[in-house]
Amino acid sequence: MQIADNHTHNNPSITTTTTNIASNNTQKRTHRRFPSSKLRIFVEKGMPTKLIEGLDTALQQSFPAIKEVVTCCIDPSTYRYAYDEEREQYEADLILECVEAMTPQNHILGLLVTQYDCFSDDLSFVFGVARSGVGALVSTARLGNDRDFVIKECVHEIGHAFGLDHCELPCVMTFSNTVEDAHQKHAKLCTRCHALLAHLTSS
């Protein structure tokens, strides 16, 4: 990851910390086949750096279409509207809409890593959610501050964002309902998912 001078977007809650930063784009992203491009990672202010150490490398190794990773610091107040006071959790799909709005068009996908507990639809909690062609959200709240688990779930959700479905152990695309489930799977894609990924990302 190339760290350079800080630069602030039109949105003051987002501070980029890498080179070659595009301006903030709040329009809906165009859904298309994936060209080789950049991945933008949004990390909350206050997030322990140890939790995301090596994340950029892990994602580039898993997804060859990602040629560059751009990491940004984001103020969680940006998606305060997604907080459900009755549940005391954040609605993951609303945050994902925020990721879509913040990710520039010249980036392949967006990924937001949050410390807050999230839910989605009828699921009482989620480790993460993703939308094909848009990006992903991963919550560290129930992952025990374990870096390996965080990286696994980020690879898993970005896999969904590239169009991969759930797979079987030991593939990283195996569904995890508990931390124990996450412990059992590997941090890498299986041969089948690698082949499917190559097809999905071909021009």
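1. Let's start with one pair of residues in the middle of things: valine 113 has valine 138 of strand S11 as its bridge partner. Strands S7 and S11 run parallel and are joined by 5 bridges. Please keep in mind as you read on that this is a predicted model.

2. Now look at what lies along S7 (107-114). Another strand, S3, also runs parallel to S7, and 6 bridges join the two. One of the paired positions is arginine 40, whose bridge partner in S7 is glycine 110. As background, strands of a sheet pair through backbone hydrogen bonds, either parallel or antiparallel. How many of the residues of S7 are buried? The count is 8 of 8, so you can think of S7 as a mostly covered strand, taking buried to mean under 20% relative accessible area.

3. It helps to step back to the whole chain for a moment. The chain holds 5 helices and 11 strands. Of its 203 residues, 51% are buried. Its accessible surface comes to about 9600 Å², and carbon and sulfur atoms account for 48% of that. Contacts also reach far along the sequence: among those between residues at least 6 apart, 69% join residues at least 24 apart.

4. Serine 37 is a good residue to click on in strand S3. Is serine 37 buried or exposed? Its relative accessible area is 14%, and because buried means under 20%, serine 37 counts as buried. Leaving aside residues up to four places away in sequence, serine 37 touches Ala65, Ile66, Lys67, Glu68, Asn106, His107 and Ile108.

5. Helix H1 (residues 55-62) deserves a careful look, with Leu55, Asp56, Ala58, Leu59 and Ser62 buried. Seen down the axis of H1, these buried residues fall within an arc of 165°, so they line one face of the helix. What do the buried residues of H1 pack against? Their partners are strand S3 (37-44), strand S4 (66-74), S7, helix H3 and helix H5 (191-200).

6. Follow leucine 55 from that helix into its surroundings. Not counting residues up to four places away in sequence, leucine 55 touches Ile41, Leu111, Val113, Ile151 and Cys154. Here Val113 turns up again, the residue whose bridge partner is valine 138.

7. Next comes the largest nonpolar core, which has 38 residues. The members that touch the most others are Ile41, Leu55, Leu59, Phe63, Leu111, Ile158 and Phe162. At least two residues of this core come from each of S3, H1, S4, S7, S11, H3 and H5. Which element gives the most to this core? Helix H3 does, with 7 residues. Another core, of 18 residues, lies apart from it and includes Ile74, Ala82, Ile95 and Cys118. In soluble globular proteins, nonpolar side chains tend to be buried together.

8. There is also an open sheet to trace, made of 4 strands in the order S5-S6-S8-S9 with mixed pairing. Its edge strands are S5 (83-84) and S9, each of which pairs on one side only. S5 and S6 (residues 89-91) pair in the antiparallel sense over 2 bridges. Within that pair, tyrosine 83 has tyrosine 90 of S6 as its bridge partner. Helix H2 (residues 92-102) lies across S6, S8 and S9, and runs at about 55° to S6.

9. Finally, a few backbone details are worth checking by eye. Most residues other than glycine have a negative phi, and most peptide bonds are trans. Aspartate 121 is not a glycine, yet it has a positive phi of about 50°. You will find aspartate 121 in the loop between strand S8 (118-120) and strand S9 (123-126). With a relative accessible area of 60%, aspartate 121 is exposed. Asparagine 145 is not a glycine either, and it has a positive phi of about 55°. That asparagine lies in the loop between strand S11 (135-139) and H3.

10. One last stop is the peptide bond between leucine 169 and proline 170. Is this bond cis or trans? The bond is cis, with omega about 5°. Proline 170 sits in the loop between helix H3 (147-161) and helix H4 (179-184).

Notes
Residues are numbered from 1 along each chain as its sequence is written. This is a predicted model: local features need pLDDT of at least 70, side-chain atom pairs count only at pLDDT 80 or more; totals for chains, interfaces and linings use all residues. Side-chain values use heavy atoms; hydrogens and water are left out. Buried means under 20% relative accessible area, exposed over 50%, partly exposed in between (1.4 Å probe, protein chains only). Contact means heavy atoms within 4.5 Å. Accessible areas come from the Shrake-Rupley method with a 1.4 Å probe; for residues, only the protein chains shown count as cover. The arc is that of the directions from the helix axis to the C-beta atoms. Two strands pair if DSSP finds at least two bridges between them. Axes are lines fitted to C-alpha atoms, for helices over the stretch in contact, and angles run from 0 to 180 degrees between N-to-C directions. A nonpolar core is a set of buried Ala, Val, Leu, Ile, Met, Phe, Trp, Tyr and Cys residues joined through side-chain atoms within 4.5 Å.
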